[in-house]
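Visitor: Before we begin, I would like to hear the reasoning behind each label, and not the label alone.
Guide: Then let us put the structure up and take the labels in turn.

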Protein chains: 2
Amino acid sequence: MVSKEMYELGAKSSVIREIFEYGKKRKAEIGAENVYDYSLGNPSVPAPEIVNETIRELTENMLSTDLHGYTSAVGDNETRKAIADDLNNRFGTAFTMNNLYMTCGAAASLCITFRALTEKDDEIIIFAPYFPEYKVFITSQGGTPVEVKCNSELQIDLEAFEKAITEKTKAVVVNSPNNPSGVVINEETVKGLCAILERKQKEYGKAIFLISDEPYRELVYGDVTVPFLTKYYKNTIVCYSYSKSLSLPGDRIGYILVPDEVSDFGLIYKAVCGAGRSLGYVCAPSMMQFVIRKCVGKTGDIAIYKKNRDILLEAFEKYGFKTAKPDGAFYLFVKSPIESATEFCETAKKYDLLLVPSDSFGFPGYVRLSYCVSTDMIIRSLPKFEELAKEYGLN
Amino acid sequence: MVSKEMYELGAKSSVIREIFEYGKKRKAEIGAENVYDYSLGNPSVPAPEIVNETIRELTENMLSTDLHGYTSAVGDNETRKAIADDLNNRFGTAFTMNNLYMTCGAAASLCITFRALTEKDDEIIIFAPYFPEYKVFITSQGGTPVEVKCNSELQIDLEAFEKAITEKTKAVVVNSPNNPSGVVINEETVKGLCAILERKQKEYGKAIFLISDEPYRELVYGDVTVPFLTKYYKNTIVCYSYSKSLSLPGDRIGYILVPDEVSDFGLIYKAVCGAGRSLGYVCAPSMMQFVIRKCVGKTGDIAIYKKNRDILLEAFEKYGFKTAKPDGAFYLFVKSPIESATEFCETAKKYDLLLVPSDSFGFPGYVRLSYCVSTDMIIRSLPKFEELAKEYGLN
């Protein structure tokens, strides 16, 4: 009657969504202030005021048929120029608008890129822990996801990576800062990764693409820098979204960056255009493109995330919880004190702490906390974490 | 290196786009006021003022993290309620929010629906003349498009339709008012179509879906009514977009309506959710969903389209051009006075009249005029049409 695959995808709600729904029910029972929901990665920081100001200005000064009209399929020229200029200023690159294709957010960027690149039997390598939708997107666009586990530091295990590359490998996806671990891939690892890719490209006589999924690029804390990957490896394609940096997840706006240096640039860029068309993306939302023209390079007040992180880190150290190196994004990846993270999350529920077990991220034994929540909630939750730690005899 | 299919889709620009690009060049040469561009179906009427007012209100009064945050994947509840109420008021139906799935516009609605329904070897019937992207969307989602030509009145040829249905037929797409012909499917034809579908469902012991693609639903002129198809046939799925009725094509907002009466409603609705997910649609643009909540049932000033149509019709009758019955949308489908519509369009170019030959709509021998242009341009173009008619010895 219908596509069985699509039905199953629609019927199977994600673990995160289930925890979120449980949280809603529990809040109704005992009051929202008594439930400590760390399940969802929804920005808690408002968009910078310039976003709403720009929207109001546009509705007052721009011709309605331009503001609400189609842009070209690849995106508005001025918007793409503004993004290229901003990247060039920050990273010393030399992009033009012709390297950019505007999209309806990160999921669209990824699906379009996978669809553009994937030929029959192609494999795409992802590193665990990973964003669970990667597997859905790769499979749906005709590829086969191949998982490589990170090492105990949650950095890429280069040896395991090299072994996973075959003649069928079309691309590798990296996500730094990482969801769910919050880890930033350090420069040494980036260099090692790129050296392996260069070697394997030669060995197999074909291009292997590095897809950098970086919606959290600007969310890093302290003096940590995120290596900008097009500078390390020619065949890099960047997938970006303004969901996190500008706190605009619902407005669905992002881009794909295909540098000139990519092998057969023209071929790839056209395939991206074709893939967008085949998936039903006519153009990225036009008014939001015009907003980005003006707001490129701005961010929400991400200092709040740093504050949240620091409070949690300090407390967790005291309570005896171990975490992955938490340099970016708004996630803490905490080692479960027992083997089963799912069981640990069930115990945490007794304290009304809602955490996500790491199994669906392909990396068992951890729990993910999204700290894009109110600082107040974090502070109120600390005694609960302390009790939880005591139950497991930590410190 | 890349998907050949996607490259070709991206590299092959549409005939309409080529004419539009030619127009841009020509305008630069001889002045925009001397080129009469009837190529693009981009609304020329501004969005009703309530749209921009609502946007400003939302940016002032709604919490940023709600306004710009994710809605649930199926869409905001209040928005879906408002749409269901509006449909019920206008059509005497009994929909609830649970029948609606919000989308990023018509192309997304169609791709998601095709993806949800299509199993291996499924055929989907489309009627020529058709919107050319139908074939792209159906093929990309795994189906096989089967074309059935309309009769000389540009109504569905029921006999040809019945013959085209096989045990592989999964769905039939209708588009009324029609792009490119402007024709509205009359009630008699709708009833005939549905009777055939009922009969064929019984014969093959399976559901055959009627997909009603109706972005032009509100754009009808005179006392013509567009039959609301869910009332004629249980297995109807409606794909809608606000691109035309509210003049918001760039903002990408629409919906899929799956009535309770559809066979295995739960299965279909879940498959729609799964298909949206697999194509990278996380949620429909949130701010635009909140705009629709308030603006549902409104339209732009479509009286302008009627005026444009009437001016052209009156003139064309005088000049001796024959057109299809032009009851809706903003297209006139004009019979080419010679066999080759492409050749006729080339001749029209000499008068700087830019028309689209009907070959890419699967129905040779006509040209499409989009009259969603300024009335002024239409009036200025009339002497050119008169000269063109004389060149062919019409009247």
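**Reasons behind the labels**

Guide: In this predicted model, strand 12 of chain A, residues 366–370, is mostly covered, since five of its five residues are buried. A:Y366, A:R368 and A:S370 point one way from the strand, A:V367 and A:L369 point the other way, and all are buried.

Visitor: How do you know that strand 9 of chain A and strand 12 of chain A pair?
Guide: Pairing requires at least two bridges, and strand 9 (residues 331–335) and strand 12 of chain A have five bridges between them, in the antiparallel sense; in this pairing A:K335 stands opposite A:Y366. Strand 11 (residues 356–357) of chain A also runs antiparallel to strand 12, joined to it by two bridges, so that the requirement of at least two is met here as well, and A:P357 stands opposite A:V367.

Visitor: Why is A:A329 called buried or exposed?
Guide: A residue is buried if 20 or more other C-beta atoms lie within 10 Å of its own; A:A329 has 30 within that distance, and therefore it counts as buried. A:A329 is placed in the loop between helix 12 (303–319) and strand 9 of chain A, and it has a positive phi of about 60° although it is not a glycine.

Visitor: And what makes A:D121 buried or exposed?
Guide: The limit for exposed is 12 or fewer, and A:D121 has 11 C-beta neighbours inside 10 Å, so it counts as exposed. A:D121, which lies in the loop between helix 6 (106–117) and strand 3 (123–128) of chain A, is not a glycine either, yet has a positive phi of about 70°.

Visitor: In chain B, what makes strand 2 and strand 4 edge strands?
Guide: Seven strands of chain B form an open sheet with mixed pairing, in the order 2-8-7-6-5-3-4. Strand 2 (100–103) and strand 4 (144–149) each pair on one side only, and they are the edge strands. Inside the same order, strand 7 (residues 236–241) and strand 8 (residues 254–257) of chain B pair in the antiparallel sense over four bridges, with B:Y255 as the bridge partner of B:Y240.

Visitor: Which residues have the most contacts inside the largest nonpolar core?
Guide: They are A:V272 and B:V272, in a core of 256 residues. Leaving aside neighbours within four places in sequence, B:V272 is in contact with A:G10 of chain A and with residues of chain B, including B:Y101, B:I112 and B:I256.

Notes
Residues are numbered from 1 along each chain as its sequence is written. Chains are lettered from A and ligands numbered from 1 in the order in which they are written. This is a predicted model: local features need pLDDT of at least 70, side-chain atom pairs count only at pLDDT 80 or more; totals for chains, interfaces and linings use all residues. A nonpolar core is a set of buried Ala, Val, Leu, Ile, Met, Phe, Trp, Tyr and Cys residues joined through C-beta atoms within 7 Å. Two residues are in contact if their C-beta atoms, placed from the backbone, lie within 7 Å.
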